[in-house]
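Reader: I'd like to go through the labels on this one and hear the reasoning behind each. Could you show me the structure before we start?
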Amino acid sequence: MSGLKVLVVIICILRGAANGKWLIRMPMKIDAINGFCVIIPCQFEIPDSFKPSLNESVEAIWKITSIDGPNVLSSQSTVQSSLKGNVIGNILEKNCTTMFHNVPAGFSDTLFFRLQGPEPLKYTFQQGVNITVHKDIPPPILSPYVQVMEVLEGTRLTLACSTVIICPSIQPLMNWNPQLGEQLTPALQEGEFGQTVLVSSQTFNVTPLIDHLKISCSLLYSYGAIRSAETNITLRVLYAPKNTIALVSPSDPASEGNVVMLSCHSDANPAVQRYEWYKDSGSGKLEFQNQGQTLTMIARSTVQGLYVCKVYNSHGTDQSRPVTVDINSCQCSITPYIICGLLALFLIFITAVDLVKYKSLLKRLQAFENSQEPIAYATLHGTSDSVYNEIQTRASRTEDDYENRNFGKPHPK
């Protein structure tokens, strides 16, 4: 409890006493754990006219449900009740702190404190305390707490974890997961209404690396069966755009008339809200081209050059490195194509002429063959070897006669 709150409470108590009011200071609600003890921190103030009656004979009583409800605990007599305990505070010092032992499962009701002393000191305080017994242990409290916390990059953040020590004889182990930066070892502190609170904290620098990181604070009780509980918080790190790149498609030089597309990509949280494209004019000055994550152009000589992409979100801006757009300008003459075409036509013409001549010659040969009498193969095959020999002999003789005739002639001189 802060010093200012303590001061306000003290002033209220003193003012109430001066005005003759009955005041009690205790929590309005306590979450207890099944099988554990529970302490109700309690202090009261009475009008000055009743203080002479505040002595050791005064009985401290706790009533249930209403100020006129049945007694569940008395400092001087035995009461049949499901709640067992005793007043551990000093009534003469206006301390009504009470401990109940082994609170039963499923209990949930409001208790009211009453002073029963010699006349005229008989009074039940109007403010009660609601006690709810849980089967599971209550989770710790994270501060500041939201399920998802948005934090700007570079912030030095401190998270605090706390839990009320319901039963002083049973204290949990408190752990952080993950452990980031500087940590405050869990320690006991006095909280509001005099309750004992176990508190720990850790302080760390926020970076994009912990974006979407879930941080938890957990409690572990080893009393009887081991029981645990935890509270989680997810960090969303907000940061200006970074790692911005521009890409060109196609990456190779584009032919004139084709489509060239530039695309821009950046890491930012929240996401990039505006994309802008600029072209280097050649003198180092950037000329605005268009907006949008993509820039589509028809390849022309005027399009060639260096382009950069600028991106913006609510936390800053970033710029890509220059990307080059190359255009493959074709300055070819059509003369070689004309010559090639004419040569192709000439070859086709020559081929056609040769084909016509070949067909004509083939027809003439067929006509000539048809005009000759066919020689029967069977007749030739039937010719005897003697005939063949005779033909050979005659041929030899003819050659001899030729030579003799030549030798008989006088040689010219």
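Author: Sure, and keep in mind that this is a predicted model. Let's begin with Ile-91: leaving aside its neighbours within four places in sequence, Ile-91 is in contact with Phe-44, Leu-54, Val-58, Ala-60, Cys-96, Phe-113 and Leu-115.

Reader: What makes those residues count as in contact with Ile-91?

Author: Contact takes heavy atoms within 4.5 Å. Phe-44 and Phe-113 are among the residues that are in contact with Ile-91 in that sense. Ile-91 also belongs to the largest nonpolar core, which has 65 residues, and together with Phe-44, Trp-62, Leu-111 and Phe-113 it touches the most other members. Strand β19, residues 227-249, gives the most to this core, with 5 residues. Another core, of 20 residues, lies apart from it and includes Trp-277, Tyr-307, Cys-309 and Ile-327.

Reader: Why is Phe-113 called buried?

Author: The cut-off for buried is under 20% relative accessible area. Phe-113 has 0%, so it's buried. Phe-125 comes out at 1%, so that one is buried as well.

Reader: How do you know that Phe-113 and Phe-125 are stacked?

Author: You describe a pair of aromatic rings by the distance of the centres and the angle of the planes. To pair, the centres must lie within 6.5 Å, and stacked needs planes under 30 degrees apart. Phe-113 and Phe-125 have 6.2 Å centre to centre and 20° between the planes, so by that rule they are a stacked pair. Phe-113 is in strand β9 (residues 108-116) and Phe-125 in the loop between β10 (122-124) and β11 (129-134), 12 residues apart. Both rings belong to one aromatic cluster with Trp-22, Phe-44, Phe-50, Trp-62 and Tyr-123. The structure's count of aromatic pairs comes to 11.

Reader: On to charges. Why is Glu-45 with Lys-94 called a salt bridge?

Author: The limit is 4 Å between a side-chain nitrogen of Lys or Arg and a carboxyl oxygen of Asp or Glu. Here the closest N and O atoms are 2.9 Å apart, so Glu-45 and Lys-94 qualify. Glu-45 sits in strand β4 (residues 43-45), while Lys-94 is in the loop between β7 (84-87) and β8 (98-101), 49 residues apart. Glu-45 also counts as buried, because its relative accessibility is 11%. Asp-48 and Lys-51 join Glu-45 and Lys-94 in a network of salt bridges. The structure holds 8 salt bridges.

Reader: What makes Lys-242 and Glu-153 a link between parts that are 89 residues apart in sequence?

Author: Their side chains meet in a salt bridge, 3.1 Å from N to O. Lys-242 lies in strand β19 and Glu-153 in the loop between β13 (148-152) and β14 (156-164), so the bridge ties those parts together. Lys-242 has a relative accessible area of 24%, so it's partly exposed. Glu-153, at 32%, counts as partly exposed too.

Reader: And why is Glu-182 exposed?

Author: Exposed means over 50%, and Glu-182 has 53% relative accessibility, so it makes the cut. Its salt-bridge partner is Arg-156, at 3.2 Å from N to O. Arg-156 counts as partly exposed because its value is 45%.

Reader: How do you know that the charged end of Arg-274 sits over the ring of Tyr-312?

Author: The distance part of the test asks for CZ of Arg within 6 Å of the ring centre. The charged end of Arg-274 is 4.0 Å from the centre of the Tyr-312 ring. Similarly, Lys-310 lies over the face of Tyr-278, at 4.8 Å from the ring centre.

Notes: Residues numbered from 1 in each chain as written. Predicted model: local features only at pLDDT ≥ 70, side-chain atom pairs only at ≥ 80, totals over all residues. Heavy atoms only, no water. Core = buried A, V, L, I, M, F, W, Y, C linked by side-chain atoms within 4.5 Å. Buried < 20%, exposed > 50% of the residue type's maximum accessible area, 1.4 Å probe, protein only. Helix = DSSP H or I, 4+ residues; strand = E, 2+ residues; numbered from the N terminus. Phe/Tyr/Trp six-rings, centres within 6.5 Å; stacked < 30°, edge-to-face > 60°. Lys NZ or Arg CZ within 6 Å of the ring centre and 35° of its normal.
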